[in-house]
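Biologist: I would like to go through the strand pairing in this model, one feature at a time. Please give the idea and then the case.

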Amino acid sequence: MKKILFVLAFGLISFSVFPCQGTNWNSCGLESTHDMIIDAFSNCCAGNFTITDLCNNYQVTFVSVSQDGPNSSCIGG
Amino acid sequence: MKVKILIIYLSFMVSCTGEKSPVHQPNVSISEEQVLNFGDVGLSATVYYSSAPLDSKFSSYLLFNPFFRRLDTLKVQNNELILAAGIELPFEGPFGVPEFNFFAVGNNGNIFLSGNQLYFTLNKEIQNVNLTEEISSNGSLISILGGDSKNKTFHFSSANNNSLFVIIRDFETRALTLISYNLLTSSFTTIPFSFAIEQMNDHRIAHEQGPMMVENSFFPFLSVYDSTLIISYPFFNEISTLSLKNRNQQDFIFESKFFKNKKNLPIKNAEPLDLRTFLETSSIWNSDVNFGSLLRLNEEFYFRVVEEQNSEKVYLEIFSNEFVKVGEYNLSAIEPNIGTFHLPLNGKILFGSSKKNTEDILNYFWVNLE
């Protein structure tokens, strides 16, 4: 699990410190996917994101955000 | 290679025309389980990776290694699967690609697709095309669709072709459009195509909140081989082809003796769905029968992998170049540990194993058609 955790940890770090990195993220479980979607809405610039749930048969969720998130690096840019 | 089990005689052959196919009916064999050390290049066997064939015969691939942000090489050499570390892909600079979901090997370099942007090499620099800025007349977000996000495969450009093909969607109108983009002239062309809109609407599950739209993976798949575009769907058995020579669209329905023709419709009693209900509804929908994208095996056949998560069954459909279904196989009946990840490689199909003993070792099988 170390690399999955690395991906998840990287995701959490990126949400809290950096603007969203990349457009293709991995999650583990519905709760993890839920939290990523909420974070994307608040922290990411407008765009399209794909979340793959590695712990739920690689279930794919598409997220489209048409406006920059209130905490994103793009806001006011 | 030792062959474990094999020979399935085809008892079932159906095409949309109902005519018998002159194409020979292949037999399928599955190898013993093989192992590849993923840890050597820092990959994890629990994650799927986007890949792009390096040649039209699919004898080797570039594989995106997100842990080191490299394009590694996967190939068969002396009957052995080999994975070699590649060069790092820079985030920025003249060859920088900040983000992407899928990529292909083009005439002048690699072509990358993100959620709404293209990156490709022209005049020795990476060019960036933002589809929302280039296509949308009112600034509505444009999404690039057509890839199989679960298997991480998207064959959106044919070898020796300076065009790529994608499906785009307008965020506000939700309209789908099939387009091509010419890399040399930087021009878009709309290709008339009739999508299965009604069925897509039936299988769409969404959570919408202000400027955010969260959806299940109901979007169509697109594959491009030579002058043929192939459109299919994850939720039902229809396959459409569109000839780039005469723009003729053909729709095929392929019945099966093994699996259902379509997923059950999602239960959306309390729309609009809150986020948790959306995720739970999507999870149920995903666990039903799932149709993968169409991929080319060799000059003779296309194939599609169909999965039933509930019963843990994996099936393989084989189609001729004329889109006659020449065979279908219950792979799980031959090899119970066969997984769903798949990649055509060197005339065979590499399947991941459903057993994942350790993260550093990829367990896999070769599925061979003869």
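Biologist: Which residue of β3(A) stands opposite Asn48(A)?

Modeller: Ser64(A) is the residue opposite Asn48(A). Bear in mind that this is a predicted model. The pair belongs to a longer ladder: β2 (residues 47-53) and β3 (residues 59-65) of chain A run antiparallel and are joined by seven bridges.

Biologist: What is the strand order of the open sheet of five strands?

Modeller: The order is β1(A)-β2(A)-β3(A)-β17(B)-β16(B), and the pairing is mixed. Both chains thus appear in that order. At the edges are β1 (24-27) of chain A and β16 (206-209) of chain B, each of which pairs on one side only. Between neighbouring strands of this sheet the turn is 20 degrees on average, direction ignored.

Biologist: Which helix packs on the sheet?

Modeller: Helix α2 of chain A, residues 30-43, does so. Its contacts are with β1, β2 and β3 of chain A and with β16 and β17 (212-216) of chain B. The direction of α2 makes about 145 degrees with that of β1(A).

Biologist: Now the open sheet of four strands. Why is one side of β4 and of β7 in chain B left without a neighbour in the sheet?

Modeller: β4 (51-53) and β7 (80-88) of chain B are edge strands with a single partner strand each, so one side of each has no neighbour in the sheet. The order is β4-β5-β6-β7, in chain B, with antiparallel pairing. From one strand to the next the twist averages 25 degrees.

Biologist: How do I read the two faces of a strand?

Modeller: In a regular strand, side chains alternate between the two faces of the sheet. Take β5 (residues 60-65) of chain B: six of its six residues are buried. Ser60(B), Leu62(B) and Phe64(B) lie on one side, with Tyr61(B), Leu63(B) and Asn65(B) on the other, and both faces are covered. Buried here means under 20% relative accessible area.

Biologist: How many residues lie between β4(B) and β5(B) in their hairpin?

Modeller: Six, and in that turn Phe58(B) has a positive phi of about 55 degrees. Three bridges join these antiparallel strands, and Pro53(B) stands opposite Tyr61(B). The hairpin of β5(B) and β6(B) has four residues between the strands, with Arg69(B) in the turn at a positive phi of about 50 degrees. Six bridges link β5(B) and β6(B) in the antiparallel sense; Lys75(B) is the bridge partner of Ser60(B).

Biologist: Which residue of β7(B) stands opposite Thr73(B)?

Modeller: Ala84(B). Strand β6 (residues 70-77) of chain B pairs with β7(B) over seven bridges, in the antiparallel sense.

Technical notes
Residues are numbered from 1 along each chain as its sequence is written. Chains are lettered from A and ligands numbered from 1 in the order in which they are written. This is a predicted model: local features need pLDDT of at least 70, side-chain atom pairs count only at pLDDT 80 or more; totals for chains, interfaces and linings use all residues. Side-chain values use heavy atoms; hydrogens and water are left out. Two strands pair if DSSP finds at least two bridges between them. Helices (H or I, at least four residues) and strands (E, at least two) are DSSP runs, numbered from the N terminus. Axes are lines fitted to C-alpha atoms, for helices over the stretch in contact, and angles run from 0 to 180 degrees between N-to-C directions. Contact means heavy atoms within 4.5 Å. Buried means under 20% relative accessible area, exposed over 50%, partly exposed in between (1.4 Å probe, protein chains only).
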